[in-house]
There are 4 protein chains.
Amino acid sequence: MKKDSLKVAVIGGGSSYTPELIEGFIQRYPALPVRDLYLVDIEAGREKLEIVGALAKRMVEKAGVPIRVHLTLDRREAIRGADFVTTQIRVGLLAARARDERIPLRYGCIGQETTGAGGFAKALRTIPVILDICRDMEELAPDAFLLNFTNPAGLVTEAVIKHANIRSIGLCNLPIGTRMQVAQMAGVHPSDVEMEWVGLNHLNWVTQLRVQGEDALDVILDKAAGTGALGVKNVPDFGLDHDFLRTLGALPCSYLRYYYMPDQMLNEAQEAAQTKGTRAEVVQALERELFALYKDPNLAVKPPQLAERGGAYYSLAAVHLMDSIYNNRKDIQTVNVRNGGVLSFLPDDVSIEVNCVIDAQGAHPVHVETPIPPQLRGLIQVVKAYEELTVEAAVKGDVGAAVQALTIHPLVTSAQAARSLVADIIAENRAYLPQFA
Amino acid sequence: MKKDSLKVAVIGGGSSYTPELIEGFIQRYPALPVRDLYLVDIEAGREKLEIVGALAKRMVEKAGVPIRVHLTLDRREAIRGADFVTTQIRVGLLAARARDERIPLRYGCIGQETTGAGGFAKALRTIPVILDICRDMEELAPDAFLLNFTNPAGLVTEAVIKHANIRSIGLCNLPIGTRMQVAQMAGVHPSDVEMEWVGLNHLNWVTQLRVQGEDALDVILDKAAGTGALGVKNVPDFGLDHDFLRTLGALPCSYLRYYYMPDQMLNEAQEAAQTKGTRAEVVQALERELFALYKDPNLAVKPPQLAERGGAYYSLAAVHLMDSIYNNRKDIQTVNVRNGGVLSFLPDDVSIEVNCVIDAQGAHPVHVETPIPPQLRGLIQVVKAYEELTVEAAVKGDVGAAVQALTIHPLVTSAQAARSLVADIIAENRAYLPQFA
Amino acid sequence: MKKDSLKVAVIGGGSSYTPELIEGFIQRYPALPVRDLYLVDIEAGREKLEIVGALAKRMVEKAGVPIRVHLTLDRREAIRGADFVTTQIRVGLLAARARDERIPLRYGCIGQETTGAGGFAKALRTIPVILDICRDMEELAPDAFLLNFTNPAGLVTEAVIKHANIRSIGLCNLPIGTRMQVAQMAGVHPSDVEMEWVGLNHLNWVTQLRVQGEDALDVILDKAAGTGALGVKNVPDFGLDHDFLRTLGALPCSYLRYYYMPDQMLNEAQEAAQTKGTRAEVVQALERELFALYKDPNLAVKPPQLAERGGAYYSLAAVHLMDSIYNNRKDIQTVNVRNGGVLSFLPDDVSIEVNCVIDAQGAHPVHVETPIPPQLRGLIQVVKAYEELTVEAAVKGDVGAAVQALTIHPLVTSAQAARSLVADIIAENRAYLPQFA
Amino acid sequence: MKKDSLKVAVIGGGSSYTPELIEGFIQRYPALPVRDLYLVDIEAGREKLEIVGALAKRMVEKAGVPIRVHLTLDRREAIRGADFVTTQIRVGLLAARARDERIPLRYGCIGQETTGAGGFAKALRTIPVILDICRDMEELAPDAFLLNFTNPAGLVTEAVIKHANIRSIGLCNLPIGTRMQVAQMAGVHPSDVEMEWVGLNHLNWVTQLRVQGEDALDVILDKAAGTGALGVKNVPDFGLDHDFLRTLGALPCSYLRYYYMPDQMLNEAQEAAQTKGTRAEVVQALERELFALYKDPNLAVKPPQLAERGGAYYSLAAVHLMDSIYNNRKDIQTVNVRNGGVLSFLPDDVSIEVNCVIDAQGAHPVHVETPIPPQLRGLIQVVKAYEELTVEAAVKGDVGAAVQALTIHPLVTSAQAARSLVADIIAENRAYLPQFA
C-alpha cells in the first residue's frame, strides 16, 4: 500500500472495546497513518456508539494525532473506499450471549461464547451479518482487507473463505496473550519468545517453544501445570497436571480446558449460573460501569477498568496486523487463514490458526514442521468437521446440518441433546436467524 | 493357491464359537479342502479345548468330510506350514472382559468389549499376544494369511499392519449381519443387497445401499429408525430417529449408538451392572451352559443355543473369506485392511473397514466414491487418532500415550477420567500387561 | 438394470469396425438383450453407413437374433432413451489423421493417431463433438452410459469428466490385447492371466503380473524383450532390451516405444511417409478394400480381412463392458475413469486407466497397491499435465494453452516446434476447429 | 545462536570463488563474527588452497577484521565444533566437468554442469563425497548447519535430506541474481522486488512478482522476452518470445532454456565444443588467469576479473544466509529445502527451491499460494522423478536406476541414449565412482 492516509471502518464501533483500538491507532500513528476512522453501529447500538465515539474523539484530540473519527449508522458509507474493515460485532448483544451460555446447561452441556453449543449459536447469528458486510465490501471496497475480530473467529473466517470474494484475516488475542504470559513465566521480554502455533481458533497448541533461541517447551509445560499460570478472563482456571502436559507434548490454549476437563468446567458454569451469573451476565454489569466511565467528558484516555473486560492485547494485535500489511513488513504473526494444504490432514478450504508471514498481500502461512501428534490431530479434525457443518447450517439455514454439527461436537453429550439444543437455540434466537425461518 | 489340501490353525480353538467354524468348514469343504485343522489353546483353556475339540471331531465324523482335527497347546506346531491362521482369542478370558465393562462405569464412562475404555483395555492385553503369533508366522509360515477375528479387530489389524511382516486381514461379522438384516427389512435375498461400507471396525456406516439394483438408502433408513430393526446381541437396542438418520445420510452400525446416545447406553449399562450383570457376566453363564451341552457325546452338530451367544454369521464370514482367497474368486467382501490412501483423510498405515476385492493375494480395497460427509469424517478421524495412540501404548507400554488416547476418545469424559481409567486398567490387568511392568 | 430389452446408439456407426461390434452383440445376445441398435453417422458418412448397415442387418438375420438394426443421420433420435451410447467417430476422417501424422514430421516430431502432436490435433477436433453428444445425452438419455472408444480415449474421457454431467467410461483394446499376448507367451488361457494395470490411456504399464496365480512379471519381461512379442498393428515393433525392462520393473504398453525409442520411431515414420505412406494412408487403402467386401450381398459374417485393420478385441472389450454393467457382474476390467485419488500423485479430476470393478453403477477403481516407481510416475505426470492443458485448449479454443501443452510433451522437441505445430494444426484443420475461430 | 564468535569450515576452500566469500565475511563481520575460518581442500588441491588461502589472509589483514584463516587438508579438524560448514567442491575438478559437457554431445544430448546428463554425472561423483562430509558432521559437529553451494545443489540437498541426519540448506545464486536483474529492468532497488519462487534448483519460475508493491509480472515478462535481459554466465542467451512467456504465466529461470529451446542450445554447445571449447574448458583458462592474479603478493582484495567466472552474488547469498541464521532474523530467502507437503504434487522427502523464512532453526518454507499451472507442474514432476532416481543411483551405485533416471529426463533422447550415457559416464569417471565398482 502506498497511500499516505488510510480509511478504516470499524463495524460494531460502539463496543466497549473501542477505546483499546483507539489507543492502538494513536500509539501506532507514525507507522500507520489512519486519517479517517469510521465507527459504525446499528440503531440499537446508537447510544453506546455516541458515548464511545465521543470518548474516541477526546482521546484523539488529547493525543494530537490527525485522525478524524466519524460516527455513523450507515455501514455502506463507512465501507466505501475503506482500506481496512474491522468487525467487532455482537449480534443480539450480551443478552443473546447470556442465552448461549444458559441454554446448553439445560442439557448438561457447556455453554460458552465461542466453544461448544454456545459458540455454535453465536455463529448462526453472526455469519449471515458478516457475509452481508462482505457483500458490501465486494461492491464498495473490493481491495480492502477484512480483519475479523468477531467471535467465533474461526467459524466466521471460514464462512468468509467459502462464501465471499474479499481478502480477509481472522484475528484473536490468544496468540499475543500467550506470548506475554510465557515471557512472564520465563522472565524475558515477549520478543524473546518464539512459538510454533497449530490448530484452529480457540483450539490450538504451541508445539515448539523457544526462549532466547533455546528450546523451552518442557520448561514452560512444567510451569504451566496447575493453576494460575496461563489463562484468559473468559475461561475458569483449572490446571492440567504436569504428566499430562508432558505427554501431550504441546502447550494447550486456555479454551482446551473445556475439552480436557469438561466436568469441572460444567460444574463451575452451573454454579456460576445459579449464583453470580454467567460470564455474559457478569460482563453486562461491567459494561454498564464502563459506559458510565466513558461518559465522563473529562476522560480522554483508555480507562484502566477496561482491562477487567477481557480481550487483553486485542488492540495491540489488531494494529500490529494493519501495520504489517500497510508497511509490507513480512513479520510473523499468528492469525486465522485458509488452510490450503498447510495442515494436510484437513480439507483445503477451511480456516486454521497458524503462524503467517504478514505482508502487503495479506497472511501467508509458514510451513508447519513439527509432525502433529494424534492427540492434537484427532481433536482438531473432529472439531473442524463440526465447524464445517456449522458454517453450512449458518449459511443455508439447514437444521439437519445443525443437528449433525452438534452431535459430533465433543462437548455435546448425545444426538438427542444436539436436537434439543438446536430446537431451543432456533426458537430463542428467532429474530436473529432469518435463514431458519 | 494351488494346493489341494490346506492346513488351518485356529488360535483360541477352545472358544465356544468353534462349532460355528467347524460347521462352516464342513459345509464349504468341496470348495475349501481343509485337511488339517489345528485347534490351539493355552494351558488355562485346556479343558474347554478338549470339550469343544471332541465335539468338533464328532461333527466332522458325522459329516463324513476328511478333515483331521488336531488339538494342541503347542502354537508353533499348529502354525508351522499353515495356509491360514485364524485368531479368536480372549486374553484374560471373560473375567477380564467383565472388568473391562465395570471399570469405566466407576468414572461415568461406557465399558464395552470393543468400544471406549473397555475395548482399549482389551487392546492392551491382546495386541502383544497377536504380535507374538505374527512372530511365529514370520518364522514358520511366512506365506500364510492371518485372518483375525479377535476383538477389537480394527486395533489388532492396525498393530499387525504396523508391527508385523505377514499378510493379514481383519474380519468382523457386522457387514454380513447388516446385509442379512437389510435383506429381511427389504424382503429380498441377501445377495440382492449392495452396500458401500465406510469407516473403522465397529465405527462404520453404509453410505450407499441398493436393493435389487435400485437406490434404497432412504427407504432402509426410514425402516431402521426406532428400535427393533437393526442390532446385534452385544449392543442394547435404542433407536435413532428418522430425521436424524435422514440428515446423517448413511446407515450407522449398531455400535454407533454408543456415540449417538451415550446417556441411554450408560444408564442401561449401569443398571445392568447392578442387576443382571454386564454382558460378560451374562455370557459367562451362557458359556457354562454351552460347554455343558458340548460335553454330550451324542451331540455331533452345532447346537441351536449357540445363536444366543452373539457372533452370528461369524463362521460364514470366516469361511467365505478363506474360500475367496483359496479360489482367487475376486468377489467383494467387507474387511479390515491397511488404508493406503483409500480414505484420504486418514494416515496411510492405519486400518480401515471397507469393501475389498478378495483374491489369492488378499484384500484389495475398492475405491470409495461417495464423498464422506463431515458428520462421518470427523468421528472417524478422532476415533482413529485414539486408535493410533492405543496401538502405540499397547506396543510400547507407554502410559502417556494411553492417557492421551483415552483423553480424546469421545466416550471418555475428561483427561482426569482418562488418567484414572489407565491407572485402574493397568493395576487390575497386571498379569496380562507385561509391557507396562 | 432390470430392462429386458436394451437400446444402444453407436455414434460413428458407419465405421469399418462396426461388423466387429455386431458380431459381439450377436454372440453375447443371451446375456445382453440388445433390441434396438442405432447406427448413427453424419451426412459425409452416409454411404459407408448404408454399406456397413446393410451388412449388419444381414449378419443379424443370419444369426437369427432379434436385434433391430436402425440406420440414421439423426443423432438425437438415436440417443433418445438409449441405455448405452458408444462412440467410434473420426472427425475429419482418415484424411485428417493423415495430416496429424504428417504435420509433426515437418518439425522432427512424431506424428501418431493418439500420441504426441498427432493425438493432440485429433483431441482438438474430437472433444467438441463428444461434448455435443454429451449435451444430447444430458437431455435425452440422462441415465445412459457413454462408452467411449473414440481416440484419444484418455483425453476424450477427461473432457467428459470435466465438462459433462453424464455417466461415462473410456475404453481401449490394449488391456484385453495385452492379456491375450501374455497368455500366448505363457502358454495359458487368457483367464489365467492377472495384471495390475497402471497409468493413462496409451501410457501404461503392467506393474504386477500373475499367471495361474504365480508371480510371472520377470518371466514375461524377459520374453517381452526384443521384438515380435508384444505389439499392436498401429505401432512399429522395435524391441526394448532385457536389462531395461528388468530395471523398469513393469511391462510397458506398445505405445511407450514412442517415449523410450523416439529416434527409431521417428526414422521409421519418416521413411514410411516417403514410401508406403503413413499409417492413415495405409489404412485408407485397407478401408476401401473392406468396404468393397462389405458391399457383397452374400456376405453375412465379419470378414477375416478386418483383422488387418487393427483394433483387435475391440468388440470383445466393448460388449464385455456392457454385459458387466447390464448384469451387475462386479468383475474386474481395465478402463478409463476419473482418478479421484486412486493415483495420489495426480489431480483428482483427471482420467486414468486402471483396473476397475464393473457393476450396474459403472466402473469403480480397485486400489493400486504396488508403489509406482519414479520412472513410471514422472512420465505419467508430465504427460497428464500435457493432457490437462490439451483438454483446456480443446474446450476453450485457447492457443496459449495449446502451445504450453505441446511444449512440455516429451515427444515435442522445443517451444518453437510447439508453436509451429499449433499454428499448422489450426490452419490445416480449420473446418473442424470452430473453437479456435 | 548465542555464541559471540563462530567457526566456519569451507570444504573446497581452494576454489577460485573463495575470495568472493572472504569479501562477504569481511563486509558482514559486524553482524556475523566469524572468528575461525577453515579453508579445507584435498591433496590434489593443495597448491590452489595455498594460493587462495594466502590471498584470503591478506584480504582479512588489510580489512582489519579479527578473522583467523586456517588452511588445512584435514577435513575432520575443520569440521570439529564448527557452527557452519559450507561446501564448494568439484569432484574431479574442471577436467571432469569438461567430460560431463562432452560425453552427452556424442548422443545428441545436452551436456551441462547441472542440467541433463552432465549434471547427472556430476551428481554421481559428488553425492558420496557430500555424504561423507555429513558423516563427519554427525560425529563432530552435530548442531552445525551444512550450507551447500556445491552443484547440482538440488540433487545434493536431496541426498542429504534422505541419507544424513544433520541440518542443511541448499543454496543457489539464481534467486538473488534474478532479483538484481529484475530490479535493473524495473529501474528500482533490489529490495523493492518481491518474488514468489517455485520449483527445483535450476528448474524454477517466478510465479508472482511485485515491484514496489505492485503486480509487475506481465511487465517483466514483456521485458524478459527476447535476449539480453535475463541470463547467467553459464547459459547461452537465446530469448523466449513474448507470447510464450505470457501464456506460460511465470518468469522462467535461465536454465529453462535447455528445456524450452533444446535445439538451439544443443547446436550452440556442439559448435562451441568444436571451436572455443565447452564452458569448462573456457573456465579452465579463466581459472589459470585468476590463480596467476591471486599469487600476486600485493593483491589484498577480490580482483574484478573474478566476475567473469560466473557465480555472481554467490558470496552475498551465502553470507546473507549465515547472518539470518546466526541472528535469527526471520527474513525471507529462497533456498533448497525438504518439500514436506509444500508442493503437494511432489513426494514429501524431496528437495525443492522456494521462499523460506530463515531463522536460527534454519529454513521454513512459506506456503505457496499461487496454484501451479500444469505447464510448470508437469515439468517439475518429471525432472523430480529423474532426481529421485539419480540420488538412488548415486547412493547405491545402481546402474539400472541410473539408466531409468536418464531415460525419463526431458533432455535425453531415448532409452538407448540413456544406456550409452550411463556406460560412458561410469567408464570415464571410474576413479570418482567407487559405488559403481
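**View 1. The contact between chain C and chain D in a predicted model.** Here 30 residues of chain C touch 30 residues of chain D, contact meaning heavy atoms within 4.5 Å. About 2500 Å² is buried between chain C and chain D, and carbon and sulfur atoms give 58% of this area. Buried area is the accessible area (1.4 Å probe) that two parts lose on being put together, summed over both. Local features need pLDDT of at least 70 and side-chain atom pairs count only at pLDDT 80 or more, while totals for chains, interfaces and linings use all residues. Residues are numbered from 1 along each chain as its sequence is written, chains are lettered from A in the order in which they are written, and side-chain values use heavy atoms, without hydrogens and water.

**View 2. Salt bridges between chain C and chain D.** The count is 4 salt bridges, each a side-chain nitrogen of Lys or Arg within 4 Å of a carboxyl oxygen of Asp or Glu. One of them joins Asp241(C) to Arg419(D), with the closest N and O atoms 2.4 Å apart.

**View 3. Helices on the side of chain C that touches chain D.** At least two residues each come from helix 9 (242-248), helix 11 (262-274), helix 14 (374-396), helix 15 (399-408) and helix 16 (415-428) of chain C. Helices are DSSP runs (H or I, at least four residues), numbered from the N terminus. Helix 14 of chain C gives the largest share, 10 residues.

**View 4. Chain C laid on chain D.** A turn of 180° and a shift of 0.0 Å along the axis superpose chain C on chain D with an RMSD of 0.0 Å, by least squares on the C-alpha atoms of residues with pLDDT of at least 70 in both. The two copies are therefore related as by a two-fold rotation axis. Both use the same surface, as 100% of the contact residues of chain C recur in chain D.
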